[in-house]
Amino acid sequence: MSSCKGNPMKISLYSRWIHKRHWLKLAVASFVGAVLCATQAVAQSYPSKPIRLVVPFTPGGVTDTSGRLIAEQLSKRLGQQVVVDNKPGASGNIGTQMVASAEPDGYTLLLGFDGTLVINPHVFPKVGFDTAKDFAPIGKIGDAVLILVAYPGTPIKTLKDVINLSKTQSGGLSYGTSGTGGTPHIAGELLKERTGANLVHIPYKGGGQAMTDVLGGNIPLVYTAIAGAIQHIKTGKLHPVAVSSAQRASSLPEVPTFIESGLPDFDISSWVGLLAPAKTPKAIVDKLNAELNAVLSDPAVRERLNGMGIAAMPSSADKFGQEIQRDLTRYASVVKSAGIKLDQ
């Protein structure tokens, strides 16, 4: 084995190498320190102007209403106005694409909806954004629990009744939803796939129209968010079959889950959350996540969300990102097997 001992030239080269390595370490440490200081400065100074929260739907719906509540509460905590900007169109694709291409500086945020982010990419030929690459998840706001309800004039009381009755109908058993490709539609198709029930989807241009038809007995079933059905359930105008959340809904504790009704792991809720454009500084994302979770921990806010049919679900940005990716993957197979397609 060669050695530098007794060789002045080798000793000199070795000393230079050690010297350069030492200075390289110092330079890297200085660079990392400067980046950390800059990151901390960004977080401390943010926000220094109003923030725009893009809601990719028209005013008045549950998604919009929950977004306005969160914007109102974040404005108080951040000391800057969080302004709701409704940009509807193409089932949420237009507003969502606007945020995907916005400056990643924390001043343009998205009220993200599962239907737009994890279902639309599979049912539209082109959405104008890549859910996995174009966004930085901030945090989940909550889950809107879905429920299957029946017209009381039918013999349907349980999930077993739905399955059995559907198989006696030559044309199948109809269920209405707020539209093709929405989370209730996906839930209905997954129910059909998992149970072998002969279910036929009837899409409406909104949950209100579907509710009108089931109340009138024109269709036997509707899959919808609890918020749109709870008043009719409490007055006996509709019969609840099951909720598709993992646990029973606090607003309807007497209604069983699909899991309790004999369908293991059938857990589908329609979620809503906050996202920023990809490459938004992590310090800003972390600050927004902390403030969002503080808002969601407020009992008054949780109660108001619950009144909208949304169960508050504080989470980390990473956990929310993992849920988005999970749903993006699992809904792909459902959409493919059901042959769901929409034109832009």
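A crossing of two helices is left-handed if the near helix is turned anticlockwise from the far one by less than a right angle, and right-handed if clockwise. That term serves the view of α4 and α12 below.

**Overview. The predicted chain holds 12 helices and 10 strands.** The model is predicted: local features need pLDDT of at least 70, side-chain atom pairs count only at pLDDT 80 or more, and totals for chains, interfaces and linings use all residues. Residues are numbered from 1 along each chain as its sequence is written, and side-chain values use heavy atoms, with hydrogens and water left out. Helices (H or I, at least four residues) and strands (E, at least two) are DSSP runs, numbered from the N terminus. Of the 344 residues, 47% are buried. Buried means under 20% relative accessible area, exposed over 50%, and partly exposed in between (1.4 Å probe, protein chains only). Contact means heavy atoms within 4.5 Å. Among contacts with a separation of 6 or more, 77% join residues 24 or more positions apart.

**View 1. Helix α4 crosses helix α12.** Two packed helices are described by the angle between their axes and the distance between the axes. Axes are lines fitted to C-alpha atoms, for helices over the stretch in contact, and angles run from 0 to 180 degrees between N-to-C directions. The axes of α4 (residues 114-123) and α12 come within 9 Å and cross at roughly 35°. The crossing of α4 over α12 is right-handed. From α4 come Leu117, Val118, Ile119, Pro121, His122 and Val123. They meet Ile324, Asp327, Leu328, Tyr331, Ala332 and Val335 of α12. The contact residues comprise 10 nonpolar, 1 polar and 1 charged. Here Ala, Val, Leu, Ile, Met, Phe, Trp, Tyr, Cys and Pro count as nonpolar, Asp, Glu, Lys and Arg as charged, and the others, Gly among them, as polar.

**View 2. Helix α7 packs on helix α12.** Helix α7 spans residues 183-195 and α12 spans residues 317-338. Their axes lie 10 Å apart, at an angle of about 75°. That makes α7 roughly perpendicular to α12. By angle, pairs under 35 degrees count as roughly parallel, over 145 as roughly antiparallel, 65 to 115 as roughly perpendicular and the rest as oblique. Ile186, Glu189, Leu190 and Glu193 make the contact from α7. Tyr331, Val334, Val335, Ser337 and Ala338 make it from α12. These residues divide into 6 nonpolar, 1 polar and 2 charged.

**View 3. Helix α9 has a buried side.** Ile226, Ala229, His232 and Ile233 are the buried residues of α9 (residues 226-234). They cover an arc of only 135° around the axis, which puts them on the same side of α9. The arc is that of the directions from the helix axis to the C-beta atoms. Gln231 and Lys234 are exposed on the other side of α9. The cover over the buried residues includes β4 (135-150), α8 (207-215), β7 (221-225) and β8 (239-243). Gly236 follows α9, with a positive phi near 80°.

**View 4. The buried residues of helix α3 line one face.** These are Asn93, Gly95, Thr96, Val99 and Ala100. Seen down the axis of α3, they fall within an arc of 165°, so they line one face of the helix. Their cover includes β1, β3 (108-113), α4, α5, β4 and β9.

**View 5. Lys133 sits in helix α5.** Helix α5 covers residues 131-134. Lys133 counts as exposed, at 64% relative accessibility. The C-alpha atoms of Lys133 and Ala278 are 6.9 Å apart, with their positions 145 residues apart along the chain.

**View 6. Asn293 is a buried residue of helix α10.** Helix α10 runs over residues 282-296. The relative accessibility of Asn293 is 17%. Leaving out residues up to four places away in sequence, Asn293 touches Pro314 and Ser315.

**View 7. Three loops carry backbone features: a cis peptide bond and positive phi values at Ala90 and Lys279.** The bond from Tyr46 to Pro47 is cis, with omega near -5°. Pro47 lies in the loop between α1 (8-45) and β1 (51-55). Ala90, not a glycine, has a positive phi of about 55°. Its loop joins β2 (82-86) and α3 (93-100). Ala90 is partly exposed, at 28% relative accessible area. Lys279, also other than glycine, has phi near 75°. Lys279 is in the loop between β9 (269-277) and α10. At 78% relative accessibility, Lys279 is exposed.
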